[in-house]
Amino acid sequence: MNNNTQHTHEDILIRRYFKEKRHQPRENKWFTHRVIHSLPRQQKVCKPASVIMTVVTIVATLMCCIVLWYASHNFYPLHENKFSGELLCIYIAIMSTILLVVQQIIQLIKTYF
Amino acid sequence: MRRIDEKILITRVMILDDRTAFARLVEYHQPAIRRFFLHQTMGDEMLTDDLAQETFIKLYYSIRQYKGLSGLATYLYRIAFNIYQDHLRQKKATDAIDDYPHPSYTPVNDVSMDINQALSTLSTHERACITLHYIDDLKVEEIAQILSMPQGTIKSHLSRGRNKMTQYLKNNGYE
């Protein structure tokens, strides 16, 4: 108990001392400016991987559009489950889109964790 | 700054590399970090600004590793303390004779000289613990996170630092 009282007294003494005497940094309006200018240049995103991914995404989207357009104009009875070039195109387009979405999700997860 | 605003700014820096958001974070946290260094270097303003700048640059590079488990201020103090320790190591390597820390500046007035003398009685760890606890009002758990030490060790540093400070204050007529 006595020890605690002494402890508290010392705490108050030190706190009071620091409140009176502590350093306050001088205002330096250039500090933030200096820090920002020391950072590496902001890159215009043009990494090979992202360029390839963009091209693949555009191609896959176009493929999807063409296949859908073709399917809507030449209705194909999917329930007959016959193998054909059109059906293969649809499968490829759907698979590409799914893979791209998964890839984007993985990239987002990597960014956060 | 509200915690949610800070999170938004951090996310913008992480994902979009938004420099305006980063500048706002720097602007908000720089007084505390500069004050921390000012006490560690015992008033050397030029060194303080250099080390603080290095801290924020390191924050920029490591912000994607920040998981938000502690506040950004705690994370920043941690970077700052590591940078200060690296600085001491370099200083020791290049200047074996000079027993750091000795401020390489001209004191502004007696008041700053007085607090610098008081702080110079403490070791690096004691000084960090004492200033974080008494000036920045951080809890023992937070100081333990910043210094990457067990809470018991922090309490020991605080206790030893407190005794030295009390002794110094008593010897100089502060009661």
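Reader: How many helices and strands does chain B have?
Author: Chain B has eight helices and zero strands. Here helices (H or I, at least four residues) and strands (E, at least two) are DSSP runs, numbered from the N terminus. The model is predicted: local features need a pLDDT of at least 70 and side-chain atom pairs count only at pLDDT 80 or more, while totals for chains, interfaces and linings use all residues. Residues are numbered from 1 along each chain as its sequence is written, and chains are lettered from A and ligands numbered from 1 in the order in which they are written.

Reader: And in what order do the elements of chain B run?
Author: From the N terminus on, the order is α-α-α-α-α-α-α-α.

Reader: What percentage of chain B is buried?
Author: Of the 175 residues in chain B, 35% are buried. A residue is buried if 20 or more other C-beta atoms lie within 10 Å of its own, exposed if 12 or fewer, and partly exposed in between, with C-beta atoms placed from the backbone.

Reader: What share of the contacts in chain B comes from residues 24 or more positions apart?
Author: Among contacts with a separation of 6 or more, such residues account for 62%. Two residues are in contact if their C-beta atoms, placed from the backbone, lie within 7 Å.

Reader: Let us turn to the two chains together. How many residues does each give to the contact?
Author: Chain B gives 32 residues and chain A gives 22 residues. On the side of chain B that touches chain A, the elements giving two or more residues are H1 (3-16), H2 (19-40), H3 (45-62), H5 (110-120) and H8 (151-171) of chain B. The largest share of that side, 10 residues, comes from H2(B).

Reader: What is the chemical make-up of that side, in nonpolar, polar and charged residues?
Author: The side of chain B that touches chain A has 16 nonpolar, seven polar and nine charged residues. In this scheme Ala, Val, Leu, Ile, Met, Phe, Trp, Tyr, Cys and Pro are nonpolar, Asp, Glu, Lys and Arg are charged, and the others, Gly among them, are polar.

Reader: Back to H2(B). At what angle does H2(B) pack with H3(B)?
Author: The angle is about 135°, and the axes of H2(B) and H3(B) are 9 Å apart. Axes are lines fitted to C-alpha atoms, for helices over the stretch in contact, and angles run from 0 to 180 degrees between N-to-C directions. That angle makes H2(B) oblique to H3(B); angles under 35 degrees count as roughly parallel, over 145 as roughly antiparallel, 65 to 115 as roughly perpendicular and the rest as oblique.

Reader: Is that crossing left-handed or right-handed?
Author: H2(B) and H3(B) cross in the right-handed sense. A crossing is left-handed if the near helix is turned anticlockwise from the far one by less than a right angle, and right-handed if clockwise.

Reader: Which residues make the contact?
Author: H2(B) contributes residues including Val26(B), Ile33(B) and Phe37(B), and H3(B) contributes residues including Leu51(B), Ala52(B) and Phe56(B). The contact of H2(B) with H3(B) has nine nonpolar, three polar and three charged residues.

Reader: Is Phe56(B) buried or exposed?
Author: Phe56(B) is buried, because 25 other C-beta atoms lie within 10 Å. Leaving aside residues up to four places away in sequence, Phe56(B) touches Val35(A) and Val26(B). Phe56(B) and Ile33(B), 23 residues apart in sequence, are 9.3 Å apart from C-alpha to C-alpha.

Reader: How do the axes of H2(B) and H4(B) cross?
Author: The axes of H2(B) and H4(B) (residues 72-94) come within 11 Å and cross at roughly 35°. This crossing of H2(B) and H4(B) is right-handed. Among the residues that meet are Phe36(B) of H2(B) and Tyr77(B) of H4(B). The contact of H2(B) with H4(B) has 10 nonpolar, two polar and no charged residues.

Reader: A new topic: how many residues of H6(B) are buried?
Author: H6(B) (residues 124-134) is mostly covered, with nine of its 11 residues buried. One of these is Leu132(B), which has 24 other C-beta atoms within 10 Å. Leu132(B) touches Tyr77(B), Leu138(B), Ile143(B) and Ile146(B), not counting residues up to four places away in sequence.

Reader: Finally, what pLDDT does chain A average?
Author: Chain A averages a pLDDT of 73, and 65% of the residues score at least 70; pLDDT is the predictor's confidence in each residue, from 0 to 100. Among the elements of chain A, H3 (residues 48-73) has the lowest mean pLDDT (70) and H2 (residues 31-38) the highest (92). Where pLDDT is low, the predicted coordinates should not be read in detail.
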